[in-house]
Amino acid sequence: MVVLKGIPFILSPELLYALAKMGHGDEIGLRIPDLLEAILKLLPLDGYVPSPAAVMQLVNSDMKRGLAVPVWSTYAHLLDQAGVQSPLEVVERFAFYDRAKKAFAIVATGETALYGNLILKKGVIPAEQLQ
């Protein structure tokens, strides 16, 4: 893999290409905090929607037993550090699957955290921030 200054090494050339090709409102599915942190350094998230980051809602049996999803707190923290002010959107299981099928890109990472899947919605960079 080629390493470039300012580009986190965890981002493969294929993933960088996918991020660059995404348009405003396109979505990408991913599952790992380290990758999320790296992507948030490059990808503007959509500021015109209630939440540009979505996770899958727990199934009823997991809700009833009070299953904790600690990775969501990690996601929320990383999103907050990136300037996202809205909470994670929690999407019903099958609606999440349908949305993931329509995503611009899916990143398979091997993440093992329960309910660790995440969908990001790309935004735009305001003209005054472009150089």
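This is a walk through one protein chain, from its overall build to a few of its residues. Keep in mind that the model is a predicted one.

Let us begin with the overall build. The protein chain contains five helices and five strands. Starting at the N terminus, these elements follow one another in the order α-β-α-β-α-α-β-α-β-β. You can trace that order along the model above.

Next, consider how the chain is packed. A compact globule of 131 residues would have a radius of gyration near 14 Å, and the protein chain has 15 Å, so the two values agree. Along the principal axes, the C-alpha atoms fill a box of roughly 50 × 35 × 25 Å. Buried residues make up 40% of the 131 in the chain. Contacts tell us about folding back, too: taking the contacts with a separation of 6 or more, 81% join residues that are 24 or more positions apart.

The outside of the chain deserves a look as well. About 8,000 Å² of the protein chain is exposed, and carbon and sulfur atoms supply 57% of that area. As for charge, there are 12 positive and 13 negative side chains, and the centres of these two sets lie 4 Å apart.

Now let us visit some individual parts, beginning with helix H2. Spanning residues 33–40, helix H2 is mostly covered, with six of its eight residues buried. Which residues of H2 are buried? They are Pro33, Leu35, Leu36, Ala38, Ile39 and Leu40.

Further along the chain comes helix H3, residues 60–64, which holds Asp62. Is Asp62 buried or exposed? Its relative accessible area is 12%, and because buried means under 20%, Asp62 counts as buried. The side chain of Asp62 makes a polar contact with the side chain of Arg65, at 3.1 Å. Leaving aside residues up to four places away in sequence, Asp62 touches Leu67 and Tyr115.

Tyr115 is worth following. You will find Tyr115 in the loop between strand E4 (105–106) and strand E5 (118–121). Its relative accessibility is 12%, so Tyr115 is buried. The backbone here has a feature to notice. Most residues other than glycine have a negative phi. Tyr115 is not a glycine, yet its phi is positive, at about 55°.

Another residue that meets Tyr115 is Val59, in the loop between strand E2 (53–56) and H3. Not counting residues up to four places away in sequence, Val59 touches Arg93 and Tyr115. Val59 and Tyr115 are 56 residues apart in sequence, while their C-alpha atoms are 9.9 Å apart in space. With a relative accessible area of 23%, Val59 is partly exposed.

Our last stop is Ser86, in the loop between helix H4 (70–81) and strand E3 (89–91). Ser86 is partly exposed because its relative accessible area is 22%, and the partly exposed class runs between 20% and 50%. What does Ser86 touch, not counting residues up to four places away in sequence? The answer is Pro50, Ser51 and Pro52. With Pro50, the side chain of Ser86 reaches the backbone oxygen at 3.2 Å. As for Pro52, 34 residues from Ser86 along the chain, the two C-alpha atoms are separated by 8.0 Å.

Note on methods:
Residues numbered from 1 in each chain as written. Predicted model: local features only at pLDDT ≥ 70, side-chain atom pairs only at ≥ 80, totals over all residues. Heavy atoms only, no water. Helix = DSSP H or I, 4+ residues; strand = E, 2+ residues; numbered from the N terminus. Rg over C-alpha atoms; globule rule 2.2 N^0.38 Å. Buried < 20%, exposed > 50% of the residue type's maximum accessible area, 1.4 Å probe, protein only. Contact = heavy atoms within 4.5 Å. Areas by Shrake-Rupley, 256 points an atom, 1.4 Å probe, with all protein chains shown as cover. Lys, Arg positive; Asp, Glu negative; His and termini not counted. Charge placed at Lys NZ, Arg CZ, Asp CG, Glu CD. Polar contact = N/O pair within 3.5 Å; in protein donor to acceptor, adjacent residues only side chain to side chain.
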